[in-house]
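Here's a quick briefing to read alongside the model. It goes through the cavities, the pockets, the core and a few spots worth a look in the backbone.

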Amino acid sequence: MNFLSLFVLIPLMMLFALWLAKGQKQIRAVMVVGSSALLALSILLTLKFLADRAGGNSAEMLYQASFTWFEPLHIRYSVGVDGISVAMLLLSGVIVFTGTFVSWDMCKEYFLWFTLLSMGVFGFFISVDMFMMFMFYEIALIPMYLLIGVWGTGPKEYAAMKLTLMLMGASAFLMMGIFGIYYGAGGQTMNILDIAHHTGGAHVIEFSKQCIWFPITFIGFGVLGALFPFHTWSPDGHSSAPTAVSMLHAGVLMKLGGYGCFRIAIFLLPEAANELSWIFLILAGTGVVYGALSACVQTDLKYLNAYSSVSHCGMVLFAILMLTTTASTGAVLQMLSHGLMTALFFAAIGMIYHRAHTRDIRQLNGLMTVIPFLSVAFAIAGLANLGLPGLSGFVAEMTIFVGSFQNADTFHRVLTIAATTSIVVAAVYILRMVGKILYGKCTDPVQLKMHDARWEERLAIIVLIACIAGIGLTPTWLSHMIEGSVAPMMNHIGHVASQCNPFL
């Protein structure tokens, strides 16, 4: 058995153990052991991957395994990883581990759906077969409806239904795009590498067909990545979701969108990506600025962070569409950075809400003197969000803007300059929010009685802060690992990517 399959088998064993578990202690034990095993496995995979690359293994995908699943459509259980997917698996391991401790008091049924969601995420990132990716994508989406609709807050039924309908609609686009690529490549293989390199019976996809399937596939994945104007499900879903679900949703699930856009839409349909990327660049750039401006007028902490996520996830799509190695490397770094810092932000917001029973910025004041540990965590999340040097946000955003500016034409550079304004806007809403909530004098009797973070909450926060600071202070190994996998993909696109400007 290929050891990558452990990323799916461990959650399956967790589901079985949770079903048998009785009492809160057993439920917690299953979740702690399982999430710790997933985190340890992702760390070991990262170390093994780096060692094998350093040892000279230059294969496009490492640790591949494949066997036939459904012969009539040539669907195979195919797994493998490169530097991009290794980074995403590491992020997923951290978020599932910390989300377990943030959800410390939740019931068995909640953890069953949470684990199923986690299995879909891990399975998606190890998949090399398009249909297998789509299947795990759906496994990750389905639990969101119940996690929000049953255990959420506020207008949870509306938020769950809106999220489900929009993402299921996007899934219909995805299915059309995947089968369009499959039949356009000759109908002989669903393997991404075979289709990209025209092996395994795959043919070159005609340019006219690429121009049909590229926008359909990009929109299908882009909806999950909060592509403007299809982003409206995200703020409502985040605001009503339980804390750990918001962490996993914004931290990992939305990254499936950017990963899928890059791995399938752009990698497999490069000529159409070259010709049509300007359309989606305008949409993604609009989303970057729109999300930041919308965050400025929010009074609910979760809505503020949700619109901030729209801006940051829009930046991922924006960077991918620039079709340069540096910008695409920055996109993956941004997925990692945003996943960690938004998870920290949602964790801190959820803990504050649990104690103060409000997320209204206007009703919170002087929390630094009442709950100093949570306040410091909240401030660090905010500073990472606005791109403070020394934290992960700075590394990711600077890599994106430098890579985007490598396109020498006016169109791309004007869009890049416009996107950089989101940094200034982010500083406005983050600093204003942090100053209002944390400083001043607390006079509310309920807030004055609040207790600071418990041990399990502190553990989750410390792990997230350590990861954010680690990427910010020592980003070189990570960027090299990612760039080593991004560069061959961009080289495959070749002159198509280097001439990406329909206005010249």
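The second largest cavity holds about 40 Å³ of space. Keep in mind that this is a predicted model. With a floor of 30 Å³, the count comes to 2 cavities, and the largest has a volume of about 50 Å³.

**Second largest cavity**

- Its lining is made up of Gly225, Met254, Lys255, Gly258, Cys313, Val316, Leu317 and Met335.
- Helices α11 (255–268) and α13 each put at least two residues into that lining, and α13 gives the most, with 3 residues.
- Sorted by class, the lining of the second largest cavity comes out as 5 nonpolar, 2 polar and 1 charged.

**Largest cavity**

- Ala292, Ser311, His312, Met315, Asn385, Leu386, Glu397, Ser422, Ile423, Ala426 and Tyr429 form the lining here.
- At least two lining residues come from each of α13 (301–321) and α17 (410–438).
- The top contributor to the largest cavity is α17, with 4 residues.
- The class split for this lining is 6 nonpolar, 4 polar and 1 charged.

**Largest pocket**

- This one offers about 460 Å³ of space.
- It's lined by 22 residues, and the closest to its centre are Val102, Met106, Thr243, Gly350 and His354.
- Two or more lining residues come from each of α3 (83–102), α10 (243–253), α14 and α19.
- Helix α14 takes the largest share of the lining, 4 residues.
- By class, you'll find 11 nonpolar, 5 polar and 6 charged residues lining the largest pocket.

**Second largest pocket**

- Here there is about 230 Å³ of space.
- Of its 14 lining residues, Leu90, Leu340, Cys467, Ile471 and Trp477 sit closest to the centre.
- The elements giving two or more residues to this lining are α3, α14, α19 and α20 (476–493).
- Helix α19 gives the most to the second largest pocket, with 5 residues.
- Charged residues are absent from this lining, which has 12 nonpolar and 2 polar residues.

**Nonpolar core**

- The largest nonpolar core has 190 residues, and Met130, Phe214, Phe218, Leu268, Phe378 and Met433 touch the most other members.
- Helix α14 (residues 325–356) provides the largest share of this core, 18 residues.
- Beyond residues up to four places away in sequence, Phe214 touches Ala265, Ile266, Leu269, Ala272, Ala273, Leu276 and Phe280.

**Helix α6 and what follows**

- Helix α6 covers residues 156–184, 29 residues in total.
- From first C-alpha to last, α6 reaches 41 Å, close to the 42 Å expected at 1.5 Å a residue.
- Just after α6 comes Gly186, with a positive phi of about 110°.

**Backbone spots to check**

- Most residues other than glycine have a negative phi, and most peptide bonds are trans.
- The peptide bond from Phe228 to Pro229 is cis, with omega near 5°.
- Pro229 is in the loop between α8 (207–224) and α9 (233–240).
- Ala226 is found in the loop between α8 and α9 too, and its phi is near 65°, a positive value in a residue other than glycine.
- Is Ala226 buried or exposed? Its relative accessibility is 1%, so Ala226 counts as buried.
- His357 isn't a glycine either, yet has a positive phi of about 60°.
- You'll find His357 in the loop between α14 and α15 (372–385).
- His357 has a relative accessible area of 61%, so it counts as exposed, the cut-off being over 50%.

**Leu459**

- Leu459 belongs to helix α19 (residues 455–473).
- With a relative accessible area of 30%, Leu459 is partly exposed.
- Which residues does Leu459 contact, leaving aside its neighbours within four places in sequence? Those are Phe97 and Phe101.
- Glu275 lies 184 residues from Leu459 along the chain, and their C-alpha atoms are separated by 48 Å.

Key:
Residues are numbered from 1 along each chain as its sequence is written. This is a predicted model: local features need pLDDT of at least 70, side-chain atom pairs count only at pLDDT 80 or more; totals for chains, interfaces and linings use all residues. Side-chain values use heavy atoms; hydrogens and water are left out. On a 1 Å grid over the protein atoms alone, a cavity is a set of points where a 1.4 Å probe fits but cannot get out, and a pocket is an open set with protein on both sides within 12 Å along at least five of seven lines; lining residues have an atom within 4 Å of a point. Grid points are joined across faces, edges and corners, and a volume is the space filled by probe spheres set on the points. Ala, Val, Leu, Ile, Met, Phe, Trp, Tyr, Cys and Pro count as nonpolar, Asp, Glu, Lys and Arg as charged, and the others, Gly among them, as polar. Buried means under 20% relative accessible area, exposed over 50%, partly exposed in between (1.4 Å probe, protein chains only). Contact means heavy atoms within 4.5 Å. A nonpolar core is a set of buried Ala, Val, Leu, Ile, Met, Phe, Trp, Tyr and Cys residues joined through side-chain atoms within 4.5 Å. The expected span of a helix is 1.5 Å times one less than its number of residues.
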